[in-house]
There are 4 protein chains.
Amino acid sequence: MAGSKFGNILQITTWGESHGAALGVVIDGCPAGLTLNSSDIQPYLDRRKPGRTKISTPRREADEVEILSGIFEGRTTGTPISMLVRNTSQHSADYSEIAGYYRPGHADYTFDEKFGFRDYRGGGRSSGRETIGRVAAGAVAARLLSEFHICVTAYTKSIGPVSIDMSHFDRDAILTTPTCMPDLQASAQAEQYLADCMAAYDSAGGVIECVIDGVPAGLGDPVFEKLDANLSKALMSIGAVKAVEIGDGTEAASLRGSQNNDAFRMKGGKVVKATNHAGGILGGISDGSRIILRAYVKPTPSIFSPQQTVNQAGEDIEISIKGRHDPVIVPRAVVVVEAMSALTIADALLMNAGAKLENLKKIYP
Amino acid sequence: MAGSKFGNILQITTWGESHGAALGVVIDGCPAGLTLNSSDIQPYLDRRKPGRTKISTPRREADEVEILSGIFEGRTTGTPISMLVRNTSQHSADYSEIAGYYRPGHADYTFDEKFGFRDYRGGGRSSGRETIGRVAAGAVAARLLSEFHICVTAYTKSIGPVSIDMSHFDRDAILTTPTCMPDLQASAQAEQYLADCMAAYDSAGGVIECVIDGVPAGLGDPVFEKLDANLSKALMSIGAVKAVEIGDGTEAASLRGSQNNDAFRMKGGKVVKATNHAGGILGGISDGSRIILRAYVKPTPSIFSPQQTVNQAGEDIEISIKGRHDPVIVPRAVVVVEAMSALTIADALLMNAGAKLENLKKIYP
Amino acid sequence: MAGSKFGNILQITTWGESHGAALGVVIDGCPAGLTLNSSDIQPYLDRRKPGRTKISTPRREADEVEILSGIFEGRTTGTPISMLVRNTSQHSADYSEIAGYYRPGHADYTFDEKFGFRDYRGGGRSSGRETIGRVAAGAVAARLLSEFHICVTAYTKSIGPVSIDMSHFDRDAILTTPTCMPDLQASAQAEQYLADCMAAYDSAGGVIECVIDGVPAGLGDPVFEKLDANLSKALMSIGAVKAVEIGDGTEAASLRGSQNNDAFRMKGGKVVKATNHAGGILGGISDGSRIILRAYVKPTPSIFSPQQTVNQAGEDIEISIKGRHDPVIVPRAVVVVEAMSALTIADALLMNAGAKLENLKKIYP
Amino acid sequence: MAGSKFGNILQITTWGESHGAALGVVIDGCPAGLTLNSSDIQPYLDRRKPGRTKISTPRREADEVEILSGIFEGRTTGTPISMLVRNTSQHSADYSEIAGYYRPGHADYTFDEKFGFRDYRGGGRSSGRETIGRVAAGAVAARLLSEFHICVTAYTKSIGPVSIDMSHFDRDAILTTPTCMPDLQASAQAEQYLADCMAAYDSAGGVIECVIDGVPAGLGDPVFEKLDANLSKALMSIGAVKAVEIGDGTEAASLRGSQNNDAFRMKGGKVVKATNHAGGILGGISDGSRIILRAYVKPTPSIFSPQQTVNQAGEDIEISIKGRHDPVIVPRAVVVVEAMSALTIADALLMNAGAKLENLKKIYP
């Protein structure tokens, strides 16, 4: 069963393995007439590139996007946009040892059980490099959303025990700190925490927050295609994410109704909410206020300390993983969260176009 | 855009409004040859029925399922199974007042924004009664899974500040306590907490846990159709759910890799995991251990204390909601979580059938 | 795998067997705000009803539609529209004999091979009664299309050797002749031909033509979702249809390019075509001229003369089918062709809403 | 709306324009463990390549396939197979003139109406080169089907007035004649006919027949996913196809039931049919006999004789098309018909895997 497609109307299909020839994505369903070129996409890919800081793997990949179709004279044509990134820094030898055993916390065992064998080089299809296609497509979605003044912003909220202080919020720091934290002080603390983890041959997890501004009220659906249900799937489909929440999320469960309900008020002739515990979505449909999501990311499973596992011969063994691994997944996953959120919102925007007869009459007068 | 369909191969489409003539579901893609009758389904519907306890709305509905198609001589035929439940206890007059304003925490405003108007009677399509179709379909999925010795069990883990003690775990209590807690002592405490909430014209939230036993390793997919991504969407599509987690979930984010990784070990000639922080899913694919999920449910938005809101004339007003409402959604949502989880696992089972050539050769020798 | 769903955005799921409790359809994705009631639907169902003329089975079914959801105060709400028709004239005993053997030209054998067993009563799911759901849904699609001045008209073009003469075209006759031919003279001849077939214990086939007026240029897609590809699937999915053609269809294969190309011309400030060999679709996309389709329908397989077949015990036998059967399927399939065409065009209209950025800007200014 | 995806479980997404950087396809859902390499695919692409004979355009393209993902150590991994073909022989200048007007019989006008503008170079996405992705994917499907002894064979049945004589059937000639006719004598006559067309600055159409052997009984579905409905869509989605038929097709409409029904008989302990008017499909499900399809192809719309049309300024003009064009589309479309048929059958094979409980029990014992 095809499992590499995401979206209903704006559909993407990603492909590629960590150590194959290339990775990429095909975007099908992007509206015609959107100005678009590779400079809209490359900056997103650069944000997920390895080798930029001491807290990311020293592996270096150029990760340059090539757009192969779907654009003519600088605008989308309405036909599929195919993009690829060549793999350039493959050291398959690094991985030959892991062919024979199952790394704890990885998909090695489950791939073998599902498919009968696996491309063990660098995790194959379950590698973080799989997200290249998502990020390239997410950049297109973000470009489309910008036409409607919708802006998606993700950042690191916490790494291990270190959380940002929202009163220090510094948007620029998302792109300049190695942690992608919008708080320089917290970022420095997190770097220190990660240095400690690395010294202990260990790794850390953390939380990514995503805020989406400018979404008009009315996107989403009342039942299975709820906007929060789709965002939840979008984020949980990112490797290493173990929990997703909207608005107050887990905390809502311990509040009372009188605390959790957001009052409606008139402001400047418009309906607004006095608070936003709901995180911008009511009954699965956007309510016009900021959408707020959080993804909880587990610690990097590849750690250098010894671990117990089994090999394909069915023997208990002890292993020590080598190679090049990020001590924390969070900073490089920030742009992936942003990409998946942008794709989900853009798809909802398109899905909503025919929700009422009066919309259609604007198009077919 | 169609938003009432769930599933890839085992597809369900639910329909119906709180105060319409009936609600129901069509299940398309159920394999032929499964013994099935209404006694497999009615007990699930009875678990979500209102009016059974003092902590649920006194509204009484028979909620008797009628199977209209897809079964012949006691077995599924492989064609669509259509089931419906007639509405019998509609008091539309109760709801006439709310036609003119937007209840905080409800979908009234967002429906109006999306569709231009709404069926305001009892929440229409966003009513909890919409889950009747899900539960009826989930019962069929559970019946199918039982053929493969897969068992899905959900229960209330906490209500407000009261959590169950796993050392008291009493499976029978799920079906006998009004809270659906598998812990008689915690249930009694939770009932007291809910009585306090009701006395204060307020409501409570809580957490539902779901465990799935017997899932073979290998179900799910490496990228967008990850088993946890689909379970996440399944649970987040239930009204009032604000967060979903798998295994250690949010806590994984603050653990180190050495704490969070589950070691593989050989046991009785089989690969097992020494711990289960992952919650039974690695890289989006089941690993053969118990799958563990949690859904965080917000407090019932319909509370009897005064609230601020706006009316359709665009005026700030104060309202006091009347009618019949549960002080907590959690107990009646337990069977919905179970149903959605069963549907997701059953779909994954079917999706996986063609994952490898050797499976197909067993079918087409 | 679910096989009872049709459409991408306007999705229908039909359900029900010939001799089950009821048959029906769920329409998901119909835009909100369309005025609709059962009087829009019943006339379509009446057109496919048996027992109206001497050339249709004397079996009588009321076939009264009940709308169960999706409409509030006379308008569609944007949520699923569920409709059902109860079966009232089942004589299961009539069919008990056919449980044991395979009727030539029917799906008995293939159902057994696919599903392991079958609901043999009246053909079960492969009965012509399955089209009740299609026709009810098609009536809704036609109602939606009428808002955009799009009109779908199907009629019988030929029965056996008798074809209509387009110079006699009489639109009213479609609804008044037992043959659904828009030519009174041809209809009388066809009735005579059918009387001869019946006297010979035999049956006839024929051709249904469908014309669609008012479709704006631009609907459809360049590759797999070509408008003609979807219409082709729509019509070929009707039982007994063995060929489908667009415009000149099969004849185009023997023409030269200079004969088959339609010249473009300006007329009243608009681009029009001087001829319409293409049948209104170029490159899979509507060109603004009339869409013309034809479905070729095989003769009724249930004939009363003796036939050779095998039974489930694997023995060669000779059978004589009894019961109530139409000597020709065509007249009752006319409204089914109209319904499937309307559903396809309505879906294309919705799919096209987001085809270009300028459309979306009209909706989200 | 995404329109470049085909298939339910075995899904392909094609991309690319005639004069873009490359064209390609992503196959998602191919089972793991299939031995596959580029030598399985290149021969199919070579069959659709231009420039091989005097009746195809002298444009020369290498059309060499590059497989970028989804294969490891010579076997499919169950993850997406991405393939691309670089464009090498683009002369965009040839096409600059056509940017300003609408070629009769082409999609120029309809693209402009749908998308607001178009990539006019060589037809852009509506070029015959779009089929490269289909053919590459079809080769993979054919490779998969060969594991189950299913064989798809298409050939030219007629060109203009020249039809093959089935008593001369010569399978090898399909690959060796420029017409792809399996009849050397007819092929020579067709070549002469095409020479006449070219001398008259005109073009020809024709008919492609496709036979599929080895399909087990039971594939397909009773309602919308009928095997013939999906084959019909598959073939009608190929540019220039104007009619599709199964078995006796259009002729069935003028037969009587006693002539058209195929008797079942026992033969060697198996159920067989004495005749095959149905073309191997009954009630939408394969019956175990040969599947027979026909696609009717219109004459090449690009002809060199003068034609009337309009330009984008809205003026009536006369044009003479220049450039490199095949006088007949049929021979190069033969392998496309084969590819689309193979994809449809392979998808049906996968869809059928979970049709009955006993199949699933073979996989999950």
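Mentor: Buried area is the accessible area, taken with a 1.4 Å probe, that two parts lose on being put together, summed over both. In this predicted model, chain B and chain A bury about 8,500 Å² between them, and carbon and sulfur atoms carry 60% of that area. The model is predicted, with local features needing pLDDT of at least 70 and side-chain atom pairs counting only at pLDDT 80 or more, while totals for chains, interfaces and linings use all residues. Residues are numbered from 1 along each chain as its sequence is written, chains are lettered from A and ligands numbered from 1 in the order in which they are written, and side-chain values use heavy atoms, with hydrogens and water left out.

Trainee: Which three residues supply more than any others of the area that chain B buries against chain A?

Mentor: They are B:Met1, B:Lys114 and B:Phe224, which together supply 11% of the area that chain B buries there.

Trainee: How many residues of chain B are in contact with chain A, and how do the residues on that side of chain B divide?

Mentor: Taking contact as heavy atoms within 4.5 Å, 104 residues of chain B touch 104 residues of chain A. With Ala, Val, Leu, Ile, Met, Phe, Trp, Tyr, Cys and Pro counted as nonpolar, Asp, Glu, Lys and Arg as charged, and the others, Gly among them, as polar, the side of chain B that touches chain A holds 47 nonpolar, 33 polar and 24 charged residues.

Trainee: How many salt bridges does the rule find across the interface of chain B and chain A?

Mentor: A salt bridge needs a side-chain nitrogen of Lys or Arg within 4 Å of a carboxyl oxygen of Asp or Glu, and the rule finds six across the interface of chain B and chain A. One of the salt bridges joins A:Glu225 to B:Lys233, with the closest N and O atoms 3.0 Å apart. Between chain D and chain C the count is four, and there C:Arg265 is bridged to D:Asp316, the closest N and O atoms being 3.7 Å apart.

Trainee: How are chain D and chain C related in space?

Mentor: Superposed by least squares on the C-alpha atoms of residues with pLDDT of at least 70 in both, chain D falls on chain C after a rotation of 180 degrees with 0.0 Å of shift along its axis, at an RMSD of 0.0 Å. The two copies are therefore related as by a two-fold rotation axis. In chain D, D:Lys233 has the C-alpha nearest the axis, 2.5 Å from it. Of the interface residues of chain D, 100% are also interface residues in chain C, so the copies meet through the same surface.

Trainee: Which strands of chain A and chain B are joined by bridges?

Mentor: Strands are DSSP runs (E, at least two residues) numbered from the N terminus, and two of them pair if DSSP finds at least two bridges between them. Strand 11 of chain A (residues 241–246) runs antiparallel to strand 11 of chain B (residues 241–246), with three bridges joining them, and A:Val244 stands opposite B:Val244. Three bridges likewise join strand 11 of chain C to strand 11 of chain D, also antiparallel, and here C:Ala243 has D:Glu245 as its bridge partner.

Trainee: What is the order of the five strands in the open sheet of chain D?

Mentor: The order is 1-2-3-7-4, with antiparallel pairing. Strand 1 (5–6) and strand 4 (65–67) are the edge strands, each pairing on one side only. Strand 4 meets strand 7 (residues 81–86) over three bridges, and D:Glu66 is partnered there by D:Leu84.

Terms used: Helix = DSSP H or I, 4+ residues; strand = E, 2+ residues; numbered from the N terminus.
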